[in-house]
Structure formats: structure tokens, C-alpha cells
Amino acid sequence: MFKRILFPVDFSKNAEKIMPFVSEMAGKFGAEIHCVHSLHVSTYYANIGMAAAYVAEFEMRTREEVEKKLDTFVATHFKGYKVTTAILTGRPGDQIVAYAGDSKIDLIIMGHSTTGLERAIMGSVAAHVVKYAPAPVLVISPETLKG
């Protein structure tokens with residue numbers, strides 16, 4: 001039923017709480033995990049007047065660090081699973097939905113935030129993904145999980 005599971009990761013403690021659900025579902029269905037991170041820096045910094053050269057340099061360095069973190073996250077949490085990683089660039093909700101369609105994702109598993117600034121950022125991402133995703137979305141509230 002589920003052959004490709006998308007897990008958008010933000011490297012928070014919440015991602016680590018949700019990760020067991022991803023590995024459990026992947027194990028049960030023999031699914032490949034697509035572990036992605038959405039990098040959204042250039043538009044923000046360009047809009048506040050930062051010079052394009054500085055923005056490009058900052059984004060390149062940030063991307064290098066994200067690649068390392070993503071590789072470490074996958075190596076730590078998904079040993080023995082088939083995993084594809086990707087760094088998406090742009091508005092997170094839009095990029096997650098586009099990646100899901102392009103990669104023929106069967107299930108998206110993600111968390112959401114329910115307080116303060118985190119809700120404004122990640123809560124709106126989860127809502128956008130639920131509304132526009134081309135596949136079922138399992139949204140897990142990290143606040144209900146132990147750990």
C-alpha cells in the first residue's frame with residue numbers, strides 16, 4: 001500500500017519523536033523513506049535588503065551544513081532502511097507538496113507545532129501540506145508523545 005514515505009525533517013526534538021512512526025510504517029510496508037529538509041533562506045534575506053552575493057554565500061554554507069545534518073540524522077535513525085534524501089529550496093509547504101508529487105509519494109508523515117512562533121512557521125506548513133498534498137498525510141502532534 002505504501003511504497004514511498006515522505007518525512008520532512010526540521011532537526012528538532014519533535015522530528016526525533018516522530019521518527020519512530022516513520023520507521024514503523026516503512027518497516028511494515030517495506031517502504032522507501034524520503035527524508036527531506038526545506039531550506040528557505042534566500043527569499044527572506046533578499047526581502048530585507050541584504051546583497052545578493054551575501055545571500056548566495058549564506059545559502060551555500062547553510063546548505064552544506066544541512067547536508068551534513070541530514071546525512072547524520074538518516075545514519076542515526078534509519079539504519080537498514082532504503083532512504084532517499086533531498087534538500088528542498090523555497091517555501092516549505094509548496095516544496096514538500098511538489099516533492100511528494102514528483103516522487104510519487106504514497107504517504108507523508110510529519111509533525112506540527114501548536115505554540116507561538118513555531119506554530120506560525122511549522123503549523124502553517126503542516127496545514128498547507130494537508131490541504132494540497134497528492135497523497136495521504138499523517139500529522140502527528142509531538143506534544144502528545146513522550147520523550
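Here is a short chat between a trainee and a mentor about reading a predicted model.

Trainee: Before I trust anything here, what average pLDDT does the protein have?

Mentor: Remember that this is a predicted model, and pLDDT is the predictor's confidence in each residue. The protein averages 86, and 82% of the residues score at least 70.

Trainee: Which elements have the lowest and the highest mean pLDDT?

Mentor: Helix 2 (residues 42-47) is lowest, with a mean of 60, while strand 1 is highest, at 98.

Trainee: Okay, let's pick helix 1. How far apart are its end C-alpha atoms?

Mentor: They're 26 Å apart. Count 1.5 Å a residue and the 17 residues of helix 1 should span 24 Å, so the two values agree.

Trainee: Where in helix 1 does the kink lie?

Mentor: Look at M19: there's a kink of about 30° there, shortly before the proline P20.

Trainee: And what's at the two ends of helix 1?

Mentor: At the start, a side-chain oxygen of S12 comes to within 3.2 Å of the backbone nitrogen of N14. After the helix you meet G30, which has a positive phi, near 65°.

Trainee: Now S23, in helix 1. Is S23 buried or exposed?

Mentor: Buried means under 20% relative accessible area. S23 has 13% relative accessibility, so it counts as buried. Other buried residues in helix 1 include A15, I18, M19 and V22.

Trainee: Which residues is S23 in contact with, leaving aside neighbours within four places in sequence?

Mentor: Those would be F78 and Y81. Now turn to F78: not counting residues up to four places away in sequence, it touches F7, M19, V22, S23, I33, C35, F73 and V83.

Trainee: How many residues does the largest nonpolar core have?

Mentor: It has 22, and F78 is one of those with the most contacts inside it, as are I5, F7, V22, C35, F73 and I109. Strand 1 (4-8), helix 1, strand 2 (32-39), helix 3 (52-77) and strand 4 (107-111) each give two or more residues to this core. The largest share, five residues, comes from helix 1. There's also a second, separate core of 15 residues, which includes L6, A86, L88 and Y99.

Trainee: One last residue: V9, in the loop between strand 1 and helix 1. Buried or exposed?

Mentor: V9 is at 4% relative accessibility, so it counts as buried. Leaving aside neighbours within four places in sequence, V9 is in contact with A15, C35, V36, H37 and F73.

Trainee: How far is the C-alpha atom of V9 from that of I87?

Mentor: They're separated by 10.0 Å, although V9 and I87 are 78 residues apart along the chain.

Note on methods. Residues are numbered from 1 along each chain as its sequence is written. This is a predicted model: local features need pLDDT of at least 70, side-chain atom pairs count only at pLDDT 80 or more; totals for chains, interfaces and linings use all residues. Side-chain values use heavy atoms; hydrogens and water are left out. Helices (H or I, at least four residues) and strands (E, at least two) are DSSP runs, numbered from the N terminus. Buried means under 20% relative accessible area, exposed over 50%, partly exposed in between (1.4 Å probe, protein chains only). Contact means heavy atoms within 4.5 Å. The expected span of a helix is 1.5 Å times one less than its number of residues. The bend at a residue is the angle between axes fitted to the seven residues ending there and the seven starting there. A polar contact is a pair of N or O atoms within 3.5 Å; within protein, one must be able to donate a hydrogen and the other to accept it, and residues adjacent in sequence count only if both atoms are side-chain atoms. A nonpolar core is a set of buried Ala, Val, Leu, Ile, Met, Phe, Trp, Tyr and Cys residues joined through side-chain atoms within 4.5 Å. pLDDT is the predictor's confidence in each residue, from 0 to 100.
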